[in-house]
Amino acid sequence: MDFLENLNTAINNFVWGYGLYLLLGVGVLMTIVTKVFQVTHVGHWFSQTIGSIGKKHVSGHTKGKSISQFQALCTALAATIGVGNIAGVAAAIAGGGPGAVFWMWLAAFFGMMTNYSENVLGIYYRRKNEDGEWSGGAMYYLRDGLGKFKGCKGIGTVLAALFAVFCILASFGIGNMGQVNKIVVNFTSAFNLPALSGHVLYGNITLYHLVIGILLVILGGVIIIGGLKRIANFAEKVVPFMVVLFVLGSLIVIIKNAAHIGPAFVAIFKSAFTGKAAWGGVTGLAVKQIVVQGCKRGVFSNEAGLGSSVMVHSNSNVKEPVKQGMWGIFEVFADTWIVCTMTALVILTSGVIDINTGILAAGTAGDATLVAKAFHSVFGGIGEKFIALAILLFAFTTVLGWSHYGSKAVEYLGGKKAVKVYKVIFVLMIMSGALLTSSLAWDISDTFNGLMMVPNLIGVIALSGLVMKITKNYVDRKIKGKKIEPMLSAFPDIQAEQIKRMEEDGEL
């Protein structure tokens, strides 16, 4: 076990060390080749995403196997908005100081275009499986995109298979057991029931853990085995509710501590580049650590560059690759610029951490307890319960989203029949998460999660020229009004089918 832990730590440090620079580099590259699309066309992508939410073709339920654009967003957000938005942000601030928040924002700014590019490629290279359901993701643009370059067929095929394997393994850990474990630990602490918690099964695991595990297995099984449509229907109802509720609760805490908002922002920007001497004395902080903490937690939270959310965005009923790409921009915006920023301001304005010294309030650690303590300072005991419920919703919806990612990876490697077996195993693994005593399984899956980005980013870099062409084609047609044929698919049959749909809907 020691050897396994040391090996995993070495690989994890390498992937999340050098890989982080690769990820940021790709974000910068895609921002440049798209001519800073997230800024130059900010009004357009806002109007085409959240601004079009009332339109039937965006949020109306679809016939057949595809899901609506809004359902795709909600399912993607279900997977990305998780424990990292609460505990992850707290850990970034505790480990990297207020300045980590600035680097979290910067990573998200460039991550918008990484996520955009993944979704554009996902739609452009997607195909329908034998059940008529769209299948897309890094596996397909690695095999059919990168693989089309001269001498790269074998490389594309191998990288696609590796991505799928890493995704499956990550789905069991960081997408399942790790999330469930956080739910159970926080819920049993906030809502203590002596009749259940008094019965110890082993270690610190009680009958309470087992009961919650059983309930989550039942609920998860009903939704996950029901397929993507059921997951999407659940996500579109729960995700907006949980995000709005968390943001409102956070705003109340921040407004209550309004006098500290200015100093919080000063601390964020000032310590982003210098690292206050007091913080350095307490934590041995260096500017490099601040940068790494902020960027790493930002990536953990929004998953831009990992190639995960593209697998659900590819199931959208959208015709234009760029349109789903814009939902990818909004996904990162909602996850990091809204939810993570709320968490950060709650922590920095409430006094649970001294922004001058880095000293944590008594009874807290660099995790969700920081946020719970901040809410407690305003709402009393209800505040801690609110955070426990927030983690329940955030983490459980993450489990649902990742079940789809793993399903698509299994489908790519073993076909639709293998997916049925995977779903059963995935649901049963929820119980393992509830009864987990060691973090090793989660730590290993975190490494596989990071390993996903390596083949994915290779594909994005190789196909960056194509993303640039597709983006230019869209801008020329939709914004500049030029009469040219749209770039909708890499495959002639799907290209023709989508053009026909556009003609029928009066979009051409």
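The following exchange goes through a predicted model and the reasons behind the labels used for it.

Colleague: How do you know how far the prediction can be trusted along the chain?

Modeller: The mean pLDDT of the protein chain is 83, and 89% of the residues reach 70 or more. Residues 276-285 fall below 50, and that stretch has 26 contacts in the model beyond near neighbours in sequence.

Colleague: What makes up the protein chain in terms of helices and strands, and how many of its residues are buried?

Modeller: The protein chain has 23 helices and four strands. Of its 508 residues, 57% are buried. The accessible surface is about 19,500 Å², and carbon and sulfur atoms account for 67% of that area.

Colleague: What share of the contacts joins residues 24 or more positions apart?

Modeller: Among contacts with a separation of 6 or more, 82% are between residues 24 or more positions apart.

Colleague: Why are Cys152 and Cys167 called buried?

Modeller: Buried means under 20% relative accessible area. Cys152 has 17%, so Cys152 counts as buried. Cys167 has 0%, so the label holds for Cys167 as well.

Colleague: How many disulfides are there?

Modeller: A search of the whole structure finds zero. To count, two cysteine sulfur atoms would have to lie within 2.5 Å.

Colleague: Why is Phe448 called partly exposed?

Modeller: Its relative accessibility is 22%, and partly exposed covers the range between under 20% and over 50%, so Phe448 takes that label. Phe448 lies in helix 21, residues 440-462. Its C-alpha is 7.1 Å from that of Cys167, although the two residues are 281 apart in sequence. Leaving out residues up to four places away in sequence, Phe448 touches Phe166, Leu169 and Ala170.

Colleague: What makes Phe37 and Tyr116 an aromatic pair, and why is the pair called stacked?

Modeller: The ring centres are 5.3 Å apart, and the limit for a pair is 6.5 Å, so the two rings pair. The angle between the planes is 25 degrees, and stacked requires under 30, so the pair is stacked. It is part of a total of 27 aromatic pairs in the whole structure.

Colleague: Which parts of the chain does the pair of Phe37 and Tyr116 tie together?

Modeller: Phe37 is in helix 2 (residues 37-40) and Tyr116 is in helix 7 (residues 99-124), so the pair links parts 79 residues apart in sequence. Phe37 is buried because its relative accessibility is 0%, and Tyr116 is buried because its value is also 0%.

Colleague: Which residues form an aromatic cluster?

Modeller: Phe102, Trp103, Trp105, Phe265, Phe269 and Trp337 form one cluster.

Colleague: How do you know that Arg126 and Arg127 lie over rings?

Modeller: The distance limit is 6 Å from the ring centre, with a limit of 35 degrees from the ring normal. Arg126 is at 3.9 Å from the ring centre of Trp134 and lies over its face. Arg127 is at 3.7 Å from the ring centre of Phe491 and lies over that face.

Colleague: Why is Gln324 called buried, and what does it touch?

Modeller: Gln324 has 0% relative accessibility, and the limit is 20%, so it counts as buried. Gln324 lies in helix 17, residues 321-349. Not counting residues up to four places away in sequence, Gln324 touches Gln69, Ala72, Asn119, Ile123, His313, Ser316 and Val318.

Colleague: What makes Ala267 buried, and where is it found?

Modeller: Its relative accessible area is 4%, under the 20% limit, so Ala267 is buried. Ala267 is found in helix 13, residues 261-273. Beyond residues up to four places away, Ala267 touches Pro98, Gly99, Ala272 and Ile355. The C-alpha atoms of Ala267 and Leu348 are separated by 8.9 Å, with their positions 81 residues apart along the chain.

Colleague: Why is Lys35 called exposed and Val36 partly exposed?

Modeller: Exposed means over 50%, and Lys35 has a relative accessible area of 63%, so Lys35 is exposed. Val36 has 31%, which lies between the 20% and 50% limits, so Val36 is partly exposed. Lys35 is in the loop between helix 1 (2-33) and helix 2, and Val36 is found in the loop between helix 1 and helix 2.

Colleague: What is the phi of Lys35 and of Val36?

Modeller: Lys35 has a positive phi of about 60 degrees although it is not a glycine. For Val36, also a residue other than glycine, phi is positive and near 55 degrees.

Notes. Residues are numbered from 1 along each chain as its sequence is written. This is a predicted model: local features need pLDDT of at least 70, side-chain atom pairs count only at pLDDT 80 or more; totals for chains, interfaces and linings use all residues. Side-chain values use heavy atoms; hydrogens and water are left out. pLDDT is the predictor's confidence in each residue, from 0 to 100. Contact means heavy atoms within 4.5 Å. Buried means under 20% relative accessible area, exposed over 50%, partly exposed in between (1.4 Å probe, protein chains only). Rings of Phe, Tyr and Trp (its six-membered ring) pair if their centres lie within 6.5 Å; planes under 30 degrees apart count as stacked, over 60 as edge-to-face and the rest as tilted. Helices (H or I, at least four residues) and strands (E, at least two) are DSSP runs, numbered from the N terminus. Accessible areas come from the Shrake-Rupley method with a 1.4 Å probe; for residues, only the protein chains shown count as cover.
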